[in-house]
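Q: Please take a close look at a single part of this model. How is that part put together, and what lies around it?

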Amino acid sequence: MKKQLTKTVLIESLPKNLCLLIIVYLVFPFLNAWAAPQRIVSLAPSVTEIIYALGAGDLVVGVTSYSDYPPEAKQKPKVGTFLHPSLEAIVNLKPDLVIALSETNPPRVLNRLRDLNIPLLILKSGGLNTIWENIITTGNALGKGKEANFLVARLQKELHALTQQVKGLPKPKVFFQIGYRPLVTCGASAYHHELITLAGGINIAAEEKAAYPVFSLEKVITANPDVIIVSTMEKQTQAIKAFWAKFSQISAVRNNRVYVVNSDFFDRPSPRVVEALKILIKLLHKEPVMGKE
Amino acid sequence: MFSKPRLVYIGLFFTFALVFIFALFSGAVPLHWPLSAEEKFILFRLRFPRVLLGGMVGGALALSGAVLQILFINPLAEPYILGISGGAALGGILALLLGINLSGLGVTLGAFGGALFALAILFFIIGIKGELDTYFFLLAGVILNALFTAIILFISALVKASALHTIYFWLLGDLSTAGFTEVGWMSFFVLICGLVCLYHARTLDAMAQGEVVAATLGISVGRAKRQLLLVMSLLVGATVAVSGMIGFVGLVVPHGIRLLAGNQHRTTLPLCFCTGAGFLILSDAIARKVFAPLEMPVGVITALLGAPFFLYLLRTYVKNR
């Protein structure tokens, strides 16, 4: 009896529901399109890379200087550096979303953007998980949630596949140096640390609490790393090699395993971390060879 | 027909108006008539408060330079060179890092405390009376500045990387994020401090002749001096809190004004304020225009303009000894 009643009610109200359903299905895609931002300003090179990786590069109307990947991004109007962007230039691009990176863009600038009611999305800084989280957040904000999930799944799969290659290989001790002077390295909370671990290396600065602490040269010598990787601009290669050459008691120096890598791969928490891991694996697991890298 | 100061007044007023308008129409984005919605936004909500704050800060710095030069009986005194700005920056950063808010005034009060502390140290070193040799005096200031900068950098080494941006702002001086809130507070402090300075204009005139002369004129210097020092700390503190450390404005401007308009402080102080305002507004217009859209901290521009002038003054001073 009761069952029947429910059934009747359902059937009676069906046309109404159907209408509603149809309306929702018809209107929702448009709603989505209205809601999704169409003019995005990116305030960091890594943010630009994430937006492009999601296939939303067309929506980017402004980027910071040094946003050079993918190459198309270089053509976009510039709004100044990530440290000191020009608010005027940002406003002039009529963005309906500005995407920034915490701990990279100065809080002063971000607060001001918020005061001016400019729609602002602030991505986080942190480990690899934060990068995935940032991709998903960006995807959702751009109406590309599905693409973001696919991208993250793909990247994680690629990372996993890469780590399979290094299973069982000996684990070299690594000193990862960021920039030339001072000796800045990566602590356990930085995604660089995770990359080193995934690449089958041991980060000698793993016990550091800060993400990017200044490390003492004495500690490097004591820890005696097998490999030293310096992430910096290529112009400084000679100077860096000359610097480390003075410390032949370090195994990495003795065996000619001081490598300078392009910092673009290593200072941008973007989908290109996969490339970064590839580079690390190559450098950590090859026989000590005399020659250039 | 016109007296010399009045001519200077009129001339400076027109120059100031020109600078103000020029600054409003100079920036990373060129404005086209009629203004679009974005251009209006840029003009009224970004540039206008920025120019106003620049004027306020520049005026305050020039005013404090003029007064400090009398208080210390030294033509080269200036808040930046004497390390008072450095003390204010340290106080502001400490207040910021310790999370002292006090409804938005925490940083300003911290900076005020820091400036007061710096002034106290300066007086402790040179003695409250002393007409000290310029070189010792400058040396004391420079070293004090170095000390405060070192402490700021020491703190920056302890805190995480994101706080570095904040320290960068404090050390270089920057107006790029100026809003109406800052303009409001700054005009409040400028008004109070400016009025106190004007109130003491006569005393300053007398003090410029030396404290002995002032005493013979029957003017008690002590109280005025204490009040002016307090006001200077407040002015420098408020300035540094909204704009970071901007140097040399307080040096260049009072010298120019004294050459043009003489030594009557009732006339020179307002002139100093206006000229300082114009100078910083112009410097900031340069800062946001030359490498647009790259922003240059305005402190860099004033130092580039002011430091050579300082050296020139020092040279004349040495020659005339």
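A: Helices (H or I, at least four residues) and strands (E, at least two) are DSSP runs, numbered from the N terminus. On that basis chain A has twelve helices and eight strands. The model is predicted, with local features needing pLDDT of at least 70, side-chain atom pairs counting only at pLDDT 80 or more, and totals for chains, interfaces and linings using all residues. Residues are numbered from 1 along each chain as its sequence is written, chains are lettered from A and ligands numbered from 1 in the order in which they are written, and side-chain values use heavy atoms, without hydrogens and water.

The part chosen is an open sheet of chain A, in which four strands follow the order 6-5-7-8 with parallel pairing; two strands pair if DSSP finds at least two bridges between them. Strand 6 (202–203) and strand 8 (258–262) of chain A have a single partner strand each and stand at the edges, so one side of each lacks a neighbour in the sheet. Strand 5 (residues 173–178) of chain A joins strand 6 of chain A through two bridges, in the parallel sense. A:Val174 has A:Asn203, in strand 6 of chain A, as its bridge partner.

Helix 9 (residues 237–245) of chain A lies across strand 5, strand 7 (227–232) and strand 8 of chain A, at about 155° to strand 8 of chain A. Strand 5, strand 7 and strand 8 of chain A are also crossed by helix 12 (residues 273–284) of chain A, which runs at about 150° to strand 7 of chain A. Axes are lines fitted to C-alpha atoms, for helices over the stretch in contact, with angles from 0 to 180 degrees between N-to-C directions; contact means heavy atoms within 4.5 Å.

In chain A, 60% of the contacts with a separation of 6 or more join residues 24 or more positions apart.
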